[in-house]
Amino acid sequence: MVASAYLGDRFHIRGPILIFNSLIALIGLPIMGFAASSGARYFGVFLVTAGTNANIPTALAYQANNVRGQWKRALCSALFVGFGGMGGISGGTIFRAQDRPRYIPGISAAITCNCLVIIFVLGLSGYFLRANRLADKGKKIIEGSEGFRYTL
């Protein structure tokens, strides 16, 4: 998490870090869910925890950096945190007791969500990159401010 924050601030990027952390979680999820030995499964838990927990502040920063205006940013951050809470609520219905010990529906849902993070970040970063290039050429004003550029 600290390394993600340091790199994101130093290089003014968020999207590639989100993708990297999601890939770490995607490596850990099948290990955690399907490895035979408990040691390997604990290693998978470590990878999933590292990738997922590092993505929480990185995703909040990605969102906050790309929204202009105090009230708009506050509303977007509140919605973001609220939807994160709903993810915790849904986890109780996805990881069901009758699915133990493998929890295939829960692991599959987590894999799907991490894949969606990668797809959405790629799409948004592509849009942001295009908008920044148009703004650099003077063909577009982003968020009503001539000097504003999206953080990739």
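Start by selecting I119, which at 52% relative accessibility counts as exposed (over 50% relative accessible area; buried is under 20%, partly exposed in between, with a 1.4 Å probe and protein chains only). I119 is found in helix 5. Draw a distance from its C-alpha to that of L60: the two are 59 residues apart along the chain and separated by 17 Å.

Some ground rules before moving on. This is a predicted model, in which local features need pLDDT of at least 70 and side-chain atom pairs count only at pLDDT 80 or more, while totals for chains, interfaces and linings use all residues. Residues are numbered from 1 along each chain as its sequence is written, and side-chain values use heavy atoms, with hydrogens and water left out.

**Zoom out: the whole chain**

Switch to cartoon and colour by secondary structure. You get 5 helices and 0 strands, where helices (H or I, at least four residues) and strands (E, at least two) are DSSP runs numbered from the N terminus. Reading from the N terminus, the order is α-α-α-α-α. The C-alpha trace spans about 55 × 25 × 25 Å along its principal axes. Of the 152 residues, 30% are buried. Now for contacts, meaning heavy atoms within 4.5 Å: among those with a separation of 6 or more, 56% join residues 24 or more positions apart.

**Next selection: the largest nonpolar core**

A nonpolar core here is a set of buried Ala, Val, Leu, Ile, Met, Phe, Trp, Tyr and Cys residues joined through side-chain atoms within 4.5 Å. The largest one has 13 residues, and L18, Y62, V121, I142 and Y150 touch the most other members. Show those five as sticks, then highlight helix 2 (15-34), helix 3 (38-65) and helix 5 (104-136), each of which supplies at least two residues of this core. Helix 5 gives the most, with 5 residues. As background, nonpolar side chains tend to be buried together in soluble globular proteins.

Which residues does I142 contact, leaving aside its neighbours within four places in sequence? Select A131, N132, A135, F148, R149 and Y150 and you have them.

**Two buried stops on helix 5**

From I142, hop to A135, which sits in helix 5. A135 counts as buried because its relative accessibility is 8%. Not counting residues up to four places away in sequence, A135 touches K140, I142 and R149. For a distance label, try A135 to S145: 10 residues apart in sequence, and 10.0 Å from C-alpha to C-alpha.

Then go to F128, also placed in helix 5. Its relative accessibility of 8% is why F128 counts as buried. With residues up to four places away in sequence set aside, F128 touches Y62, N66, Y150, T151 and L152. N66 makes a good partner for a distance label, as F128 and N66 are 62 residues apart in sequence but 8.7 Å apart in space, C-alpha to C-alpha.

**Over to helix 2: S22**

Select S22, in helix 2. Is S22 buried or exposed? S22 is buried, with a relative accessible area of 0%. Light up N55, N114, V117 and I118, which S22 contacts once neighbours within four places in sequence are left aside.

**The largest pocket**

Turn on your pocket display. The method runs on a 1 Å grid over the protein atoms alone: a pocket is an open set of points where a 1.4 Å probe fits, with protein on both sides within 12 Å along at least five of seven lines, and lining residues have an atom within 4 Å of a point. The largest pocket has a volume of about 1,400 Å³, counted as the space filled by probe spheres set on the points. Its lining has 36 residues, with F80, F83, G84, C113 and V117 closest to the centre. Helix 2, helix 3, helix 4 (70-94) and helix 5 each give two or more residues to that lining, and helix 5 gives the most, with 11.

Colour the lining by type and you get 24 nonpolar, 12 polar and no charged residues. Ala, Val, Leu, Ile, Met, Phe, Trp, Tyr, Cys and Pro count as nonpolar, Asp, Glu, Lys and Arg as charged, and the others, Gly among them, as polar.

**Last stop: the cysteines**

How many disulfides are there? The count is 0, taking a disulfide as a pair of cysteine sulfur atoms within 2.5 Å. Select C115 to see one case: the closest cysteine sulfur, in C113, is 9.3 Å from its own, too far for a bond. C115 is partly exposed at 33% relative accessible area, and C76 is partly exposed at 26%.
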